[in-house]
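Student: I am new to this one. Can we go through it in short steps?

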Amino acid sequence: MPNGRSKADVSITNRDVDLFAEGFDIAIRLGQLRDSSLAVRKFEEARLCIVASPEYLQPMGKPKTVGELADHHCLPFLMPSTSRDAPWLFRWRDEDIEWTPPGQVPVMNDVLGTVYLAQSDPGIC
């Protein structure tokens, strides 16, 4: 490189890539790792949250419980590895709750696409 910098190619995907077969040197993954011979390091502890646009919430109201989410237009994300809706995980009074959102508009391939969709008012994710 003319300026002395190294070149790096970046690939952003939601699918579970085979690092060796596809020639990747490093990966950042979300969630629990399966048993692996890879060297791993925890990068960040990130909390997930439910989001919706103010315009959506104004007439619908903010859900206060998991049960109230069933009355909302939910925008589920389809997991690339299984083609099933990703469950929403909650913690309430030291209890883990896994809830699968009902939805007529599932989003696949890009989890951030679900967030962008929610920003334009059709539902909650």
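Tutor: Start with a term: a residue counts as exposed when its relative accessible area is over 50%, and as buried when that area is under 20%. Keep in mind that this is a predicted model.

Student: Is Arg93 buried or exposed?
Tutor: Arg93 sits in the loop between β2 and β3. Its relative accessible area is 71%. The cut-off for the upper class is over 50%, so Arg93 is exposed.

Student: What is the phi of Asp94?
Tutor: Asp94 also lies in the loop between β2 and β3. Asp94 is exposed, at 68% relative accessible area. It is not a glycine, yet its phi is positive, near 65°.

Student: In what sense do β2 and β3 pair?
Tutor: Strand β2 covers residues 88-92, and strand β3 covers residues 95-99. Five bridges join them. Two residues lie between the strands of this hairpin. The sense of the pairing is antiparallel.

Student: Which residue in β3 does Arg91 stand opposite?
Tutor: Residues 88-92 form β2, so look there for Arg91. Its opposite residue in β3 is Asp96.

Student: Which residues make up the largest nonpolar core?
Tutor: Nonpolar side chains tend to be buried together in soluble globular proteins. Trp99 is a core member here, and its contacts beyond four places in sequence include Leu69, Cys74 and Trp88. The core has seven residues: Tyr56, Leu57, Leu69, Cys74, Trp88, Trp99 and Ile124.

Conventions: Residues are numbered from 1 along each chain as its sequence is written. This is a predicted model: local features need pLDDT of at least 70, side-chain atom pairs count only at pLDDT 80 or more; totals for chains, interfaces and linings use all residues. Side-chain values use heavy atoms; hydrogens and water are left out. A nonpolar core is a set of buried Ala, Val, Leu, Ile, Met, Phe, Trp, Tyr and Cys residues joined through side-chain atoms within 4.5 Å. Buried means under 20% relative accessible area, exposed over 50%, partly exposed in between (1.4 Å probe, protein chains only). Contact means heavy atoms within 4.5 Å. Two strands pair if DSSP finds at least two bridges between them. Helices (H or I, at least four residues) and strands (E, at least two) are DSSP runs, numbered from the N terminus.
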